[in-house]
Amino acid sequence: MFAKRITIFRLLGFPIQVDLSWVFLVFLLGWSLSRGLFPNWYEQLAADTYTWMGILGTLGFVSSILLHELAHAVVARSYGLSIRSITLFIFGGVAELEDEPPHARAELWVTAAGPFASLLLAGTFYGLYLLSVQQLWPESAEGLFRYLAWLNGLLVVFNLIPAFPLDGGRILRAILWAWRKDLTWATRIAASIGSAFGSLMIGLAIVQLIFYKQMVQAFWWFLIGVFMRNASQSAFHRMRLREILRGEPIRPFVSLEDDALPSYLSIQQFVEEHLEKEPHSLYPVLDVNSNQLVGCVRVNDLYEMPPHEWPHNTLRAIAKPCAPELTIDIESDALQAVTQMNQQQSSRLMVLDQQSHYIGMITMQDLIRFLTKKMGFDEQEEPPMF
Ligand SMILES: [Zn+2]
């Protein structure tokens, strides 16, 4: 979903990331606040004041979105869900969960927390606005509070539209899920409404462009419409994917080809016979007698030993303990394997049995092959389209 994003800081333990598209939003917003909205609301202020109001208003906007997403993330954490990141992007923010909420109640509370935080903020800023009018505070402060009250109110209303993946759509999904105990059905309905709402926005954008010549507004609505259609459909697909993978044993996909190397192999032989022929980022090293993992070798580990010593040393000398996150139990399911590969950014995992004997490798390609086969046979996979 995101082109390029960087982590800027951590808040309450959550990595806060920004997508490049967010920079565009910040400049556009700062500009339209200081050149459009504030001069319209208050006509007699100095040019510098409008600039400051624009900067502070943009900061308030970003903080409001962050607090909204933070509320989702904190409640998600209290349900034991891990949060990959909070990402700011062109349409606001998103708290990305590693996993789907375990039950409808968790989904409901995790989702409701965001609009609730925005509602609190809207109330607080509205109170400050009323106070500033009553106490005759400077118009710049009054304007900022007024804008932030209006903005947070707007965030509540927009997010409660029952169109997935907006919060309202997730709340609807949680209610449907609790009612029929069928997550697929609930997601299908919520995603269909999300998709329909996206199409409606695209339609309205075209009407605005043709009949009202509102270029900028039409452009935004069009973008949001396209985004909502894509997001609702891909959320539906992701959920179906997880369902197919869940409970599917990985045993049939484990390749028993000899990827692992014997610990007695010399480093020289390793380089010539394996690394140069079939390069991998990581090689498991085995004790051939016990069939236990001695450790793992990465290409970088080679350089810890000068090349003239390679013929006289074995892999055991440079192998390091394998990261447990790169190994998986043979009894795990395919969903666990995919989740672990995603988290570790690795397309291969080492499969061990319960006694830690090495069995083989499982790769992303094997899992994708299985998925394509499975989805090809299943007529239920039609995405919700409007
Ligand atoms: Zn939200």
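The pairing of helices α2 and α3 is a good place to start: α2 passes α3 in a right-handed crossing, where a crossing is left-handed if the near helix is turned anticlockwise from the far one by less than a right angle and right-handed if clockwise. The structure is a predicted model, in which local features need pLDDT of at least 70 and side-chain atom pairs count only at pLDDT 80 or more, while totals for chains, interfaces and linings use all residues. Residues are numbered from 1 along each chain as its sequence is written. Helices (H or I, at least four residues) and strands (E, at least two) are DSSP runs, numbered from the N terminus.

The axes of α2 and α3 come within 8 Å and cross at roughly 145 degrees; axes are lines fitted to C-alpha atoms, for helices over the stretch in contact, and angles run from 0 to 180 degrees between N-to-C directions. On the α2 side the meeting residues are Ser 64, Leu 67, His 68, Glu 69, Ala 71, His 72, Val 75 and Ala 76, and on the α3 side Trp 109, Val 110, Ala 113, Gly 114, Phe 116, Ala 117, Ser 118 and Leu 121. Contact here requires C-beta atoms, placed from the backbone, to lie within 7 Å. The residues of this contact divide into 10 nonpolar, five polar and one charged, with Ala, Val, Leu, Ile, Met, Phe, Trp, Tyr, Cys and Pro counted as nonpolar, Asp, Glu, Lys and Arg as charged, and the others, Gly among them, as polar.

Helix α2 (residues 47–78) also packs on a sheet, and it is worth turning to that sheet next. Four strands form this open sheet in the order β1-β2-β3-β4, with mixed pairing; two strands pair if DSSP finds at least two bridges between them. Because β1 (5–11) and β4 (92–97) stand at the edges with a single partner strand each, one side of each is left without a neighbour in the sheet. From one strand to the next, the twist averages 25 degrees. Strands β1 and β2 (residues 14–19) run antiparallel and are joined by six bridges. Within this pair, Ile 6 has Val 18 in β2 as its bridge partner, and Arg 10 stands opposite Pro 15 in β2. The two strands form a hairpin with two residues between them, and Leu 12 in the turn has a positive phi of about 50 degrees.

Helices lie against this sheet too. Helix α1 (residues 20–41) lies across β2 and β3 (83–89), running at about 70 degrees to β2. Helix α2 touches β1, β2, β3 and β4, and its direction makes about 15 degrees with that of β4. Even so, β1 is hardly covered, with a count of zero buried residues among its seven; a residue is buried if 20 or more other C-beta atoms lie within 10 Å of its own, exposed if 12 or fewer, and partly exposed in between, with C-beta atoms placed from the backbone.

Further along, Tyr 129 lies in helix α3 and counts as buried because it has 21 C-beta neighbours inside 10 Å. Leaving aside neighbours within four places in sequence, Tyr 129 is in contact with Glu 142, Phe 145, Arg 146 and Ala 149. The C-alpha atoms of Tyr 129 and Gly 143, 14 residues apart along the chain, are separated by 7.7 Å.

The loops that follow hold some backbone details. Leu 136, in the loop between α3 (104–134) and α4, has a positive phi of about 55 degrees although it is not a glycine. Leu 136 is exposed, with 8 other C-beta atoms within 10 Å. In the loop between α4 (139–159) and α5 (167–180) lies Pro 165, and the peptide bond from Phe 164 to Pro 165 is cis, with omega near 5 degrees. Lys 181, in the loop between α5 and α6 (183–212), also has a positive phi, near 55 degrees, and is exposed, with 11 other C-beta atoms within 10 Å.

A second open sheet has three strands in the order β8-β9-β10, with mixed pairing. Its edge strands are β8 (327–329) and β10 (358–363), each pairing on one side only. β8 pairs with β9 (residues 348–352) in the parallel sense over three bridges, and Thr 327 has Met 350 in β9 as its bridge partner. In helix α11 (residues 334–344), Ala 334, Ala 337 and Val 338 are buried. Seen down the axis of α11, its buried residues fall within an arc of 95 degrees, so they line one face of the helix; the arc is that of the directions from the helix axis to the C-beta atoms. Just after α11, Gln 345 takes a positive phi of about 50 degrees.

Key. Contact = placed C-beta atoms within 7 Å.
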